[in-house]
Amino acid sequence: MMSVRSLAGACLSAFAALGAFAVPASAQNYPTRTITMIVPFAAGGPTDVISRIVTAHMAQTLGQSIVIENVVGAGGTTATTRAARAANDGYTLVTGHMGTHAASVPLYPKLAYHPEKDFEPVALLAGTPILILARKDFPPKDLKEFVAYVRANADKVNAAHAGIGSVSHASCELLNSILDVKPVGVPFNGTGPAMNALVAGQVDYMCDQIVNAVPQINAGTIKAYAVATAERNPSLPNVPTTAEAGLPAFQAQAWNAIFAPKGTSPAIIATLNAAAIKALDDENVRKRLLELGSVIPAPTHRTPEALATLVKSEIAKWTPVLKPAS
Amino acid sequence: MELFANLAHGFAVALSPINLLMCLIGALVGTLVGVLPGIGTIATVAMLLPITFGLPPVGALIMLAGIYYGAQYGGSTTSILVNIPGEATSVVTALDGHQMARQGRAGPALAIAAIGSFFAGCVATVLIAVLGAPLTKLALAFGPAEYFSLMVLGLIFAVVLAKGSVLKAIAMIVFGLLLSMVGSDIETGASRMAFNIPELADGLGFATVAMGVFGFAEIIRNLDAGAGMSRDLVQQKITGLMPTRKDLMDSAPAIVRGTILGSILGILPGGGAVIASFAAYTLEKKIAKDPSRFGRGAIEGVASPESANNAAAQTSFIPLLTLGIPPNAVMALMVGAMTIHGIVPGPQVMVKQPDLVWGMIASMWIGNLMLIIINLPLVGIWVRLLRVPYRLMFPSIVIFCAIGIYSVNNAPVDVVLAGAFGLVGYWLIKHDFEPAPLLLGMVLGPLMEENLRRALLISRGDWSVFLSRPLSAVLLAIAAGLLVLAVLPTLRAKRDEVFVESEG
């Protein structure tokens with residue numbers, strides 16, 4: 001419902017597009033003008049916040065400003081389509097995420113782009129752990145009991161999610177396929193209303209990104225069974241990992257990464273990648289990402305090649321899980 | 001008492017020079033946004049959000065909140081002057097407000113809207129401070145079944161109040177419901193009635209349809225042969241700018257009732273504020289000694305819904321401040337503003353961020369004071385706008401509407417669609433179909449459908465949940481009662497008097 005993007009950003013990008021005719025892009029002195037970063041979600045959402053934190057630092061390194069343009073719609077695929085069709089001169093980039101560059105493949109049969117064929121990977125920015133959450137009076141006390149309970153009562157439990165194609169929908173489908181259960185999925189319009197229903201006890205459980213859930217868990221309005229990453233998260237030190245709690249197969253993380261349109265020159269990709277890595281090593285950037293509950297990628301995961309591998313493996317991971325749902 | 005200590009702390013925060021300035025900027029921008037047809041609050045807050053990232057968090061949120069409730073003040077202006085509601089919440093204001101303007105009473109209509117908004121804003125601010133925490137329970141008590149029943153009640157309002165042919169009113173509501181179904185199916189994600197147009201994948205926007213059937217259609221009709229003359233006549237007979245003593249006496253109880261209804265319904269996440277303005281109008285019409293005045297320039301028909309929508313705009317902060325859960329799209333953007341400053345709102349935000357919460361609450365009262373000081377003198381300027389020859393005014397309205405519609409999604413298709421809806425709207429007016437029920441159907445449609453499906457998913461298809469849950473059953477009972485009233489032939493005469501469009 002909320003379909004907005006920055007008018008200022010639009011003016012600037014239109015201006016930048018005009019500039020493209022005047023000054024031929026050259027990889028040698030890149031960048032010579034403002035770079036547009038398309039963010040496929042609303043201003044203020046997790047992807048937007050991560051993009052802004054990282055690009056603010058990258059702009060200093062590159063010596064040119066980076067304008068964020070929020071283009072929302074159709075689970076982020078509207079914006080990603082636009083990015084795929086943009087000029088591959090390094091002046092239009094997109095912050096992709098798990099949904100736009102992996103889950104969209106099985107979810108949208110008529111997708112106007114392919115995450116691998118239409119994009120050059122630039123750099124992975126951050127991972128956001130997924131939690132298994134439940135209403136505070138849901139009977140199971142820990143993950144083992146939860147697994148047993150959901151399996152025994154598969155026809156009675158309700159799982160909330162934030163809408164088809166959302167991270168919470170995809171990760172819940174993954175969890176359900178691992179548990180081999182088919183609970184009733186109750187769709188909401190975004191994380192806010194879904195969380196409201198969980199706090200109010202109208203639904204039983206959901207999977208969601210850590211950032212929205214931490215304050216509710218700390219206040220005791222909902223409970224968390226496990227975090228679906230290899231390590232515990234510093235913002236929730238008492239919540240075990242899925243491996244510790246007995247469900248090692250459930251590993252899921254939302255991630256954000258920069259992509260450029262296919263055919264962007266390798267020199268430009270290298271420049272952008274170096275700037276992104278520099279941002280991820282900056283103490284202030286790290287601090288702010290960690291405050292959001294994000295996981296900062298290890299050095300070996302920050303190369304364009306590593307991102308290409310991640311996209312490939314994520315598409316392979318989500319396709320069988322989400323295919324029957326659509 | 002702790003409350004006074006908190007409020008004193010809040011005022012100390014809100015009265016710092018920087019926060020006062022932020023509050024003033026928010027109020028001014030909000031007024032402007034409300035006044036410009038087509039430029040909505042969500043689009044504005046989203047546009048300004050990145051600018052606030054450089055500001056201190058409390059100041060940023062005070063400013064964004066100011067834009068939100070400031071727009072509710074300004075939103076009535078275009079409804080009254082040119083019959084174009086900028087927001088769903090000011091659709092009903094256009095009914096009597098624009099009639100008042102046609103009778104040369106635009107001044108009193110605008111003034112009473114501002115006064116009602118001020119009163120409602122003050123009361124709702126106190127309510128947030130005193131009862132915010134306990135009222136949170138209401139937001140949590142409303143599950144999918146209750147929402148569905150509330151939406152049924154909302155649609156019944158439209159049927160009961162429609163003038164003339166019931167059949168035409170129902171047709172318009174159903175048309176609105178159908179338009180609301182364009183887009184993606186919430187449960188399966190399948191595309192519905194989108195005709196493979198990517199811009200329709202997320203449905204038709206409210207601004208697109210409202211600007212079309214109200215804005216553009218109104219302009220086409222005004223440019224009709226003959227209509228221009230009557231408009232020139234309207235311009236000649238502008239009387240007083242300020243409400244008379246009788247106006248104030250008539251409006252006072254309506255403002256109080258609107259404030260109460262708005263405060264309660266505003267707490268509900270989702271369509272609370274829209275329902276509030278329609279419910280307030282319905283109530284005034286139902287209890288009026290002479291219901292035939294409604295739709296013909298009754299000042300209560302402006303005072304009550306304007307108070308209700310402003311009260312609702314303020315109390316809609318309650319779920320955000322007490323639960324940390326954003327109840328609507330604008331609040332979701334405010335959560336984003338907090339997140340970027342490293343504040344993740346949650347149930348403990350009141351304890352952990354007293355500066356932010358109490359500063360914001362105090363700033364709301366200050367903002368309301370600023371808004372009435374800004375808005376009352378502006379009444380004279382707005383009324384003078386009516387004297388601008390229509391041949392100069394209509395192109396500017398068209399341009400502002402087009403900019404507004406475009407700015408929502410930056411999609412040219414939306415502007416074309418609004419043009420098409422303008423033609424549809426003109427046809428509808430010419431055939432005595434009313435656009436207000438259509439818009440209500442369109443706004444309430446998605447909420448109704450989604451909650452119906454959620455409720456049935458949770459109950460495993462058992463329809464009795466709508467009756468077994470007490471709140472839901474009460475709402476449905478009220479809806480059924482209203483419907484019975486509507487079909488009783490003796491009451492038909494009454495119903496004929498309401499929802500009169502500007503034909504008069």
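Which residue of β8(A) does A:Arg135 stand opposite? The residue is A:Ile222. This report deals with a predicted model and starts from the strands of chain A that surround that pair.

**Strand β4 of chain A and its partners**

Strand β4 of chain A covers residues 119-135 and is mostly covered, with 17 of its 17 residues buried. β4(A) pairs with β7(A), β8(A) and β9(A), as the table sets out.

| Partner of β4(A) | Residues | Sense | Bridges | Opposite residues |
|---|---|---|---|---|
| β7(A) | 205-209 | antiparallel | five bridges | A:Ile130 and A:Gln209; A:Leu133 and A:Met206 |
| β8(A) | 222-227 | antiparallel | five bridges | A:Arg135 and A:Ile222 |
| β9(A) | 253-261 | antiparallel | nine bridges | A:Thr128 and A:Ala254 |

β7(A) is also mostly covered, since five of its five residues are buried, a residue being buried if 20 or more other C-beta atoms lie within 10 Å of its own C-beta. In a regular strand the side chains alternate between the two faces of the sheet. In β7(A), A:Tyr205, A:Cys207 and A:Gln209 lie on one side, and A:Met206 and A:Asp208 lie on the other. Both faces are covered, and these residues are all buried. The bridge partners named above for β7(A), A:Gln209 and A:Met206, therefore belong to opposite sides of the strand.

**Helix α6 of chain A**

Helix α6 of chain A runs over residues 167-179 and has 13 residues. From its first C-alpha to its last the helix reaches 18 Å, close to the 18 Å expected at 1.5 Å a residue. Buried residues in α6(A) include A:Val167, A:His169, A:Cys172, A:Glu173 and A:Leu175. After the helix comes A:Asp180, which has a positive phi, near 55 degrees.

**Chain B as a whole**

Chain B holds 23 helices and two strands. Its radius of gyration is 22 Å, close to the 23 Å that the globule rule gives for 504 residues, so chain B is as compact as a globular protein of that length. Along the principal axes, the C-alpha atoms of chain B fill a box of roughly 60 × 55 × 50 Å. Of its 504 residues, 61% count as buried. Among the contacts in chain B between residues at least 6 apart in sequence, 81% join residues at least 24 apart.

**Where the chains meet**

The contact between the chains draws 48 residues from chain A and 45 residues from chain B. On the chain A side, the elements that give two or more residues include α1 (7-22), α2 (46-62), α7 (191-199), α8 (210-219) and α10 (283-291), together with the strands β2 (66-70) and β6 (184-187). The largest share of that side, six residues, comes from α8(A). By type, the residues on the chain A side divide into 24 nonpolar, 19 polar and five charged.

**The nonpolar core**

The largest nonpolar core has 278 residues, and the members that touch the most others are A:Ile132, A:Ala276, B:Leu61 and B:Leu333. Helix α6 of chain B, residues 106-141, supplies the largest share of this core, 17 residues. Leaving aside residues up to four places away in sequence, B:Leu333 touches A:Ala42, A:Ala43 and A:Gly44 in chain A, and B:Val45, B:Ala46 and B:Leu49 in chain B.

Definitions and conventions
Residues numbered from 1 in each chain as written. Chains lettered and ligands numbered in written order. Predicted model: local features only at pLDDT ≥ 70, side-chain atom pairs only at ≥ 80, totals over all residues. Contact = placed C-beta atoms within 7 Å. Helix = DSSP H or I, 4+ residues; strand = E, 2+ residues; numbered from the N terminus. Nonpolar A, V, L, I, M, F, W, Y, C, P; charged D, E, K, R; others polar. Core = buried A, V, L, I, M, F, W, Y, C linked by C-beta atoms within 7 Å. Buried ≥ 20, exposed ≤ 12 C-beta atoms within 10 Å, placed from the backbone. Expected span 1.5 Å × (residues − 1). Rg over C-alpha atoms; globule rule 2.2 N^0.38 Å. Pairing = 2+ DSSP bridges.
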